[in-house]
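Biologist: I should like to learn how to read local features in a model. May we take them one at a time?

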Amino acid sequence: MTVDDTGSGAGGDGRVDPHAPDNGEDPLALRLEQLILGAERRYTPFQAARSAGVSMELASRFWRAMGFADIGQAKALTEADVLALRRLAGLVEAGLLSEAMAVQVARSTGQTTARLAEWQIDSFLEGLTEPPEPGMTRTEVTYPLVELLLPELEEFLVYVWRRQLAAATGRVVQAADDEEMVDRRLAVGFADLVGFTRLTRRMEEEELGELVEAFETTAADLVAARGGRLIKTLGDEVLYAADDAGVAADIALRLVETLANDETMPELRVGMAFGTVTTRMGDVFGTTVNLASRLTSIAPRDAVLVDSAFAEELIRTGEAPVSEAEAAAAEKEGEETPSYRFALQPMWQRPVRGLGVVEPWLLTRRDGQSC
């Protein structure tokens with residue numbers, strides 16, 4: 001809701017009729033908005049900022065960060081909008097957040113919930129609001145359905161957010177120092193569907209959507225179940241991270257194995273790297289992430305490539321032998337050897353644009369290790 005800095009739009013005494021719909025707007029859409037927001041339209045942006053006790057400049061920054069569209073000075077804001085402004089500004093005034101951090105909070109929350117809302121409408125409410133009987137319209141079904149679902153979905157959203165916040169907070173307090181809270185050593189993996197561009201030309205849009213949804217669902221479930229964190233999905237590609245290289249390796253191989261057993265899914269390739277990663281707003285950045293992405297682009301079909309730092313970490317933690325020849329020699333001589341989970345095969349060195357010469361390693365499971 002980027003706005004003008006004027007106070008125009010109200011009547012001569014500044015009061016507005018909260019029940020009067022704006023010209024050209026669907027009355028049912030307004031009723032749904034009031035149901036979801038829990039309040040009626042009362043304020044222009046200028047009036048909302050003034051009621052919240054914040055400047056128009058700061059209010060505009062918060063609204064832009066939350067992803068709200070420019071509404072000029074239309075009477076479209078509610079008491080909830082005023083309260084949200086007061087809360088964010090109050091955190092800044094109390095010194096709990098800097099203004100820049102408050103804007104980041106608004107932006108991260110807006111971006112995340114915008115995607116969630118779009119998904120729920122596209123994939124959830126759209127199907128449920130199909131008219132159950134001839135003669136009924138979708139709009140006649142939508143209002144009572146939203147009225148029933150809204151409190152349940154709201155409670156569930158808060159529950160999941162609290163669980164995720166607890167997990168993220170636990171990771172932060174376990175960091176060795178303040179620097180590690182932002183720049184951490186993580187295993188980062190990209191999993192990419194092979195030949196996705198060709199599929200987009202051959203498949204119907206609905207089929208393609210179902211394939212992408214199945215891939216994202218499978219990847220999200222596997223990453224979560226094995227202790228990793230899904231950073232983001234990009235249609236034909238997912239990015240995930242894990243604190244432990246062994247966990248990340250297991251996730252990568254399980255993804256390849258799971259999709260290989262599904263005849264409806266394309267082949268998969270995975271690239272992983274281990275090293276320092278900068279985290280911002282739930283995303284990860286840095287050379288380690290770039291290297292994992294490059295390794296994905298050169299990985300063979302249904303295979304996993306890792307960088308040398310990732311291979312060294314698996315060796316250091318006893319997840320993989322220094323070499324298969326050394327492990328075989330120890331076994332032949334009857335020496336007790338660790339139960340390695342993974343095998344590493346050095347591949348050809350090659351230059352990678354922007355990263356110099358890298359030595360990829362092919363990651364596989366060792367014989368006898370179940371998936």
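Modeller: The following turns discuss a helix, a strand residue and two backbone angles in this predicted model.

Biologist: Which residues of helix α12 are buried?

Modeller: In α12, residues 308-316, the buried residues are Phe310, Ala311, Glu313 and Leu314. They lie on the same side of the helix because the arc they cover around the axis is only 160°. Glu312 and Arg316, on the other side of α12, are exposed.

Biologist: Where does Tyr240 lie, and is Tyr240 buried or exposed?

Modeller: Tyr240 belongs to strand β3, residues 237-242. Its relative accessible area is 0%, so Tyr240 counts as buried, the cut-off being under 20%.

Biologist: Which backbone atoms does the side chain of Tyr240 reach?

Modeller: The Tyr240 side chain reaches the backbone oxygen of Ala248 at 3.0 Å and the backbone nitrogen of Ala252 at 3.4 Å. As for its distance from Ala224, the two residues are 16 apart in sequence, with their C-alpha atoms 9.7 Å apart in space.

Biologist: How should one read the sign of phi?

Modeller: Most residues other than glycine have a negative phi. Asp302 has a positive phi, near 50°, and is not a glycine.

Biologist: Where is Asp302 placed?

Modeller: Asp302 sits in the loop between α11 (287-298) and β6 (303-306). With a relative accessible area of 31%, Asp302 is partly exposed.

Biologist: What phi does Gly318 take?

Modeller: Gly318, just after α12, has a positive phi of about 75°.

Conventions:
Residues are numbered from 1 along each chain as its sequence is written. This is a predicted model: local features need pLDDT of at least 70, side-chain atom pairs count only at pLDDT 80 or more; totals for chains, interfaces and linings use all residues. Side-chain values use heavy atoms; hydrogens and water are left out. Helices (H or I, at least four residues) and strands (E, at least two) are DSSP runs, numbered from the N terminus. Buried means under 20% relative accessible area, exposed over 50%, partly exposed in between (1.4 Å probe, protein chains only). The arc is that of the directions from the helix axis to the C-beta atoms. A polar contact is a pair of N or O atoms within 3.5 Å; within protein, one must be able to donate a hydrogen and the other to accept it, and residues adjacent in sequence count only if both atoms are side-chain atoms.
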